[in-house]
Amino acid sequence: MHVAAETRSFQRAATLLQRTLGAVISAKSVERLAGDVGEELRQRQESPTSAKEVTAPAVAVVSCDGGRIHTREAGQGPGVHGAKWRETKNASFERMAPTKTVDADPCPELPETFRQVAHVAKIAEKAAFQAEAAPEDRPIYEGPKRVLRTCLSSMVNSDEFGPQMKREATRRRFFEAARRVFISDGLPWNWSIWSAHFSMFTPILDFIHAVKYLYAAALAWEADDESRWARYLQLAEACWQGRAAELVEQLLAELAARGVAPGEALPEGSPHQPLADAARYFHNNAERMNYPCYRREGLPITSAPMESLIKQINFRVKGTEMFWNDPDGAEAILQLRSASLSEDSRLDDYLKTRPGSAYVRRTTLETAA
């Protein structure tokens with residue numbers, strides 16, 4: 001099953017099994033088995049307890065984010081019918097090593113990694129400003145180190161995914177951790193899950209997503225690249241230092257100078273839209289932006305591991321001409337892929353005890369007697 005979860009197609013999985021193990025298994029058989037195991041893993045998620053002993057973490061970090069998967073209608077014969085993009089729900093659960101809390105911010109100034117034009121432009125997914133950025137020797141905030149991560153991925157909506165996340169956190173004893181963190185971008189459904197199931201976790205807005213809004217705002221704010229870069233640095237420094245109210249005030253003042261009222265609907269393609277988007281984003285998330293406090297407590301301030309997890313999941317489920325039967329085939333492969341990526345050997349543990357596996361003798365009427 002790890003081969004089916006890690007390779008890009010069931011045909012490749014079948015080929016790899018034959019070439020490495022000499023096992024002749026058709027791609028269709030691999031697909032059917034992956035579907036069965038994926039469904040079984042989905043059903044097992046309904047249990048709030050773990051089959052193995054779990055240590056309560058010192059630092060527990062929960063993240064969630066959406067992805068995309070290309071689906072098709074099942075049972076429609078050869079070819080792709082009813083193709084469409086569907087959103088996936090994904091979550092990461094990290095047990096992290098404890099770090100010391102300190103009285104002063106260990107990294108009060110915006111670090112060099114967020115002061116490099118090319119790097120910041122890549123984060124923002126926009127063209128780099130043609131501006132000089134003199135390197136400075138500034139400390140880097142690394143945050144706590146991961147000890148073990150598990151993950152979930154599903155086609156269900158956020159109302160169903162929230163309880164799944166809570167069950168996983170319960171199994172991992174995250175609610176018993178001394179320091180608990182819920183970190184995410186500004187999507188409303190993420191924070192609805194936090195409010196409903198993780199309100200006792202410290203909510204943190206992912207700083208990298210904040211950078212995207214700051215860069216876009218600076219691009220719309222100024223007329224030349226040197227001024228845009230200077231504006232970005234000024235805004236990013238304020239954000240890094242947790243001055244969310246100041247950020248919102250500056251953005252609203254610039255919008256007012258352009259004749260745009262707070263909350264005013266702008267026409268499509270308006271040059272003021274990035275400023276309005278940033279003002280709304282930071283206003284809505286201001287209470288999750290106390291980054292100096294989070295750094296003093298040794299907590300993470302970016303959801304980079306969550307972004308990495310999305311890419312790892314997408315490696316298996318997204319690709320040219322890759323479509324999944326909606327909903328069963330898509331759900332099964334997401335369950336299998338997330339179980340394979342989890343670092344607690346849950347897929348191996350399940351396969352060893354799965355009825356009919358090579359590790360467990362099937363019960364018969366004779367042996368039962």
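**Close-up views of a predicted model**

**Figure 1. Ile183 lies in strand β4, which spans residues 179–184.** The view is taken from a predicted model. The relative accessible area of Ile183 is 1%, so this residue is buried, the limit for that class being under 20%. Setting aside residues up to four places away in sequence, Ile183 touches Val61, Val62, Ser63 and Cys64, and also Ile204 and Asp206. Its other contacts beyond that sequence window are Pro300, Ile301, Thr302 and Ser303. Between Ile183 and Phe201, 18 residues apart in sequence, the C-alpha to C-alpha distance is 9.2 Å.

**Figure 2. Strand β4 pairs with β1 and with β5.** Five bridges link β4 to strand β1 (residues 59–73), and the two run in the parallel sense. One of the positions to locate is Arg179 in β4, the bridge partner of Val59. Strand β5 (residues 202–205) is likewise parallel to β4, to which it is joined by four bridges. Here Val181 stands opposite Thr202 of β5. Strand β4 is mostly covered, with five of its six residues buried.

**Figure 3. The largest nonpolar core contains 53 residues.** Within this core, the members that touch the most others are Trp229, Tyr232, Cys239, Phe282 and Tyr291. Helix α7 (residues 207–221) supplies nine residues, the largest share of this core. Apart from this core lies another, of 31 residues, which includes Leu41, Val317, Ala339 and Leu351. In soluble globular proteins, nonpolar side chains tend to be buried together. Which residues are in contact with Tyr232, leaving aside its neighbours within four places in sequence? They are Phe114, Val120, Val211, Leu214, Tyr215 and Ala218.

**Figure 4. Gln234 belongs to helix α8, residues 225–240.** Gln234 counts as partly exposed because its relative accessibility, 28%, falls between the 20% and 50% limits. In sequence, Gln234 and Leu110 are 124 residues apart, whereas their C-alpha atoms are 9.8 Å apart in space.

**Figure 5. A cis peptide bond joins Asp326 and Pro327.** The omega angle of this bond is about 10 degrees. Pro327 is placed in the loop between β6 (324–326) and α13 (328–341).

**Figure 6. Glu125 and Ser345 have positive phi values.** For Glu125, a residue other than glycine, phi is near 60 degrees. Glu125 is found in the loop between α4 (117–124) and β3 (146–154). With a relative accessible area of 67%, Glu125 is exposed. Phi of Ser345, also a residue other than glycine, is near 60 degrees. Ser345 occupies the loop between α13 and α14 (346–353). The relative accessible area of Ser345 is 30%, which places this residue in the partly exposed class.

**Figure 7. The protein chain, shown for context, has 15 helices and six strands.** Along the principal axes, its C-alpha atoms fill a box of roughly 85 × 50 × 35 Å. Of the 369 residues in the protein chain, 46% are buried. Among contacts between residues at least 6 apart in sequence, 73% join residues at least 24 apart. The protein chain exposes about 18400 Å², of which carbon and sulfur atoms supply 51%. The chain carries 47 positive and 49 negative charges, and the mean positions of the two sets are 7 Å apart.

Technical notes
Residues numbered from 1 in each chain as written. Predicted model: local features only at pLDDT ≥ 70, side-chain atom pairs only at ≥ 80, totals over all residues. Heavy atoms only, no water. Core = buried A, V, L, I, M, F, W, Y, C linked by side-chain atoms within 4.5 Å. Buried < 20%, exposed > 50% of the residue type's maximum accessible area, 1.4 Å probe, protein only. Contact = heavy atoms within 4.5 Å. Areas by Shrake-Rupley, 256 points an atom, 1.4 Å probe, with all protein chains shown as cover. Lys, Arg positive; Asp, Glu negative; His and termini not counted. Charge placed at Lys NZ, Arg CZ, Asp CG, Glu CD. Pairing = 2+ DSSP bridges.
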